[in-house]
Each structure stands twice: as structure tokens, then as C-alpha cells.
Amino acid sequence: MQYADAHADTFFRITLEDLDPLMRDGGLHVNVPRMRDVGQLLQVCSVFTPKRYSGKPAEDFARRIISTLDSWAERYPDAFRRVRTREDLAGLGDGPTGLIPWLEGASPVRGEIGLVDEFFRLGVRGIGLVHNHANEVADGCGVPDPRTGLSEFGRQLIARMEHLGMAVDCAHLPQPAFDDVMNCVTRPPCISHVGVRRYVDIVRNADDAMLRAIGERGGFVGIDFYPEHLLKDALEPGHEPATVEHIADHLQHAVNVCGEDHVGLGGDFDGFNDACADLRHVGDLPNLERALHRRGVSEQVIGKIFSGNLLRYLGEVLPAGK
Ligand SMILES: [Zn+2]
């Protein structure tokens, strides 16, 4: 198996809880021994900024997570390698897992376009425009009755990101801001971690029109492993648990709507406590692979879902050059 994942909060947790990614059972869903078990090529690393931070404290908090990631990558070059360019992507697969820091919510940019360049310099290669709360770009999907859509700053931000070679990530983005982004992007956009509304009809999940919009623009949709996005009320006491079968449902629906070249995994590991019953950590991914096999999904499409599509997408978005 080769695995590439579009969203995990692992370095956020390492920063806050001082956890050790070299330990197999040290409390992290994603850790080096289990990454090796499943041949993990790449992990996109969420630089998540909680709602309590805005302005300069948000910028500082993001810098803290990125420097935690940098220091692990520098100390353990056999385990991790930083991915900044298309050429770096092409070199994956012969040992260390590639890491790409990626803002989850644009609040660290705090409305200053020059800071996009600064985060790019620090190696950030994608920005999730919002989280659940409001910021300078738009209201997140947790805001009841979200305001008008994308701000003027949001438009400037997207233009600058596309110029530099950063992925525009629409996870957590409600309508009408999502539609505004689709109307202003000139490069392929993504939704790094999401479920589909066909199975769980919540604002946080993507409806068919959103999936289609991403596919039509050559983008990428990563299906996440968060039980509440996969199965309604999955975490209610006594409820049937979410499993890899539910993830397979979401994956197959997304493939049907936006095409087999545009769907992959953005597990959101280390972003939640209660994982799916048979996908407790990254080492359990062969269970998902088997579920897709049982459904008759071809080896070729499984390969695209597990790594090929995300690598193809980033290969188009990331800057060229060493
Ligand atoms: Zn998220």
C-alpha cells in the first residue's frame, strides 16, 4: 500500500501536548512506526488556529506549530522530509514520509497579504480559508446564517496563493462563500477533509454540486474519518459505530459525482478523539483498503484514492523548482 493523506492535526497535538511521534502507542493516531507499517508517502499537516486566537496571537500560534514540525523534521531525517516543490513530491517513496504544513483557517494571515508570502517562505503550501468560526476571509460553517460570502481580502488572498503555488482549500467553507471561491479560482481548488451530504446532511459536508464543482476544476476532495461526518449520530451512546464501510460509502459516492481522478483521503486523524471502530489509527488503513476491494473497486482506483490523486493534485498546484 502507498498512502498519502490531505489532513491531520498531528503536529498541532504534538505542539500542545508534547507527544512523541516516534512512539507507536504514544497517543497519536499518526506516528512514525504506523506510518511505516502502511507505507505512508505524504502527510499534509494542519496548522490549526483555535477560535480564541486572532490577529498577531494567531500568527504566532501558527509559527509555533510550524517550528515544532521543522524541528522534528530536522532531528529525524530518516522519518520525515519537508515537501516544498513538485520535485520534492517526485522524490517521495524511498523512505521518509513527506510533510507539508497547511493552514487550517486563514486567521494567522490576519488580513495582511504580505504574510501569505511569509507563510509560503516557511513552507506552507495550502490554506484552508476558514475553520468553523468567522475570520477576515469569510464566515466558517459553524456560524449560523453566514454573511455575504467571500470578502475582498479573501479574493486578494486567493490570487496571491495561486501566484505563489499554494492550494486553495474549501474545507469548513459554507455557501455562498464556497460558490464565490469557485467563481474566482483559476487553479484547481480542493476540499482537504470532508464527508458527503448524501449520507450525512450537515453544512460541514459537501453536496453533489460542490463535489462536481471541485471535479470540474481539476481539484481534489479528501474524505475524512470523523464518525459524525460519516454516519448520523454515530457518537451518540448506544448508536451503531461508524466503520470503514461508511468511509467506503462516502468515497464511492464522491467518485461517482466528481470522478475517479479527484477523490482521496483527508482523514483528519488527531483532530478527534473517537475514531471509527475499525480505523483507530493510521495503521488500520488496510481495513479500508479491504472494504474497497470487497466492493469490487479496481486496484487502479484504490491506488488513486490512497495516494495517486493527492500527489497528482499537489503536483499541479505546488511550485516547480528545488
Ligand atoms: Zn477541520
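Among contacts in the protein between residues at least 6 apart in sequence, 71% join residues at least 24 apart, where two residues are in contact if their C-beta atoms, placed from the backbone, lie within 7 Å. The structure is a predicted model, in which local features need pLDDT of at least 70 and side-chain atom pairs count only at pLDDT 80 or more, while totals for chains, interfaces and linings use all residues. Residues are numbered from 1 along each chain as its sequence is written.

The overall dimensions of the protein were examined next. A compact globule of 322 residues would have a radius of gyration near 20 Å, and the value of 18 Å for the protein agrees with this; the radius is taken over C-alpha atoms, and the globule rule is 2.2 Å times the number of residues to the power 0.38. The C-alpha trace spans about 50 × 45 × 40 Å along its principal axes. Of the 322 residues, 51% are buried, a residue being buried if 20 or more other C-beta atoms lie within 10 Å of its own, exposed if 12 or fewer, and partly exposed in between, with C-beta atoms placed from the backbone. The secondary structure comes to twelve helices and nine strands; helices (H or I, at least four residues) and strands (E, at least two) are DSSP runs, numbered from the N terminus.

The N-terminal elements include strand E1, helix H1 and strand E2. Six of the six residues of E1 are buried, so this strand is largely enclosed by the rest of the structure. E1 and E2 pair in the parallel sense over four bridges, given that two strands pair if DSSP finds at least two bridges between them. Within this pairing, Leu-42 in E2 is the bridge partner of Ala-4. In helix H1, Thr-10, Phe-11, Phe-12, Arg-13 and Ile-14 are buried, and what covers the buried residues of this helix includes strand E1 (3–8), strand E2 (40–48) and H3. Just after H1, Asp-18 takes a positive phi of about 55°.

The packing of H1 against H3 can be described further. Two packed helices are described by the angle between their axes and the distance between the axes. The axes of H1 (residues 10–17) and H3 (residues 55–75) come within 9 Å and cross at roughly 95°, where axes are lines fitted to C-alpha atoms, for helices over the stretch in contact, and angles run from 0 to 180 degrees between N-to-C directions. That crossing makes H1 roughly perpendicular to H3, since angles under 35 degrees count as roughly parallel, over 145 as roughly antiparallel, 65 to 115 as roughly perpendicular and the rest as oblique. At this contact, Phe-11, Phe-12, Ile-14 and Thr-15 in H1 meet Arg-64, Ile-65, Thr-68 and Leu-69 in H3.

A further parallel pairing involves strand E7 (residues 190–194), which is mostly covered, with five of its five residues buried. E7 pairs in the parallel sense with strand E8 (residues 220–223) over three bridges, and Val-194 stands opposite Ile-223 in E8. From E7 the chain crosses through helix H8 (residues 208–216) to E8, and this β-α-β crossover is right-handed; a crossover is given this name if, with the strands pointing away from the viewer, the path from the first strand over the helix to the second runs clockwise.

Several loop residues were also considered for their backbone geometry. Arg-110, in the loop between strand E4 (97–104) and helix H5 (114–121), has a positive phi of about 40° although it is not a glycine, and this residue is partly exposed, with 18 other C-beta atoms within 10 Å. Asp-270 likewise is not a glycine and has a positive phi, of about 65°; this residue lies in the loop between strand E9 (263–265) and helix H11 (285–294) and counts as buried, with 27 C-beta neighbours inside 10 Å. The peptide bond from Gln-175 to Pro-176 is cis, with omega near 10°, and Pro-176 lies in the loop between strand E6 (167–169) and helix H7 (177–184).

Separation along the chain and separation in space were compared for two residue pairs. Gly-321, found in the segment after helix H12 (299–317), counts as exposed, with 10 C-beta neighbours inside 10 Å. The C-alpha atoms of Gly-321 and Glu-87 are separated by 6.6 Å, although these residues are 234 apart along the chain. Asp-233, in the loop between helix H9 (227–230) and helix H10 (244–258), is partly exposed, with 13 C-beta neighbours inside 10 Å. Asp-233 and His-250 are 17 residues apart in sequence and 16 Å apart in space, C-alpha to C-alpha.
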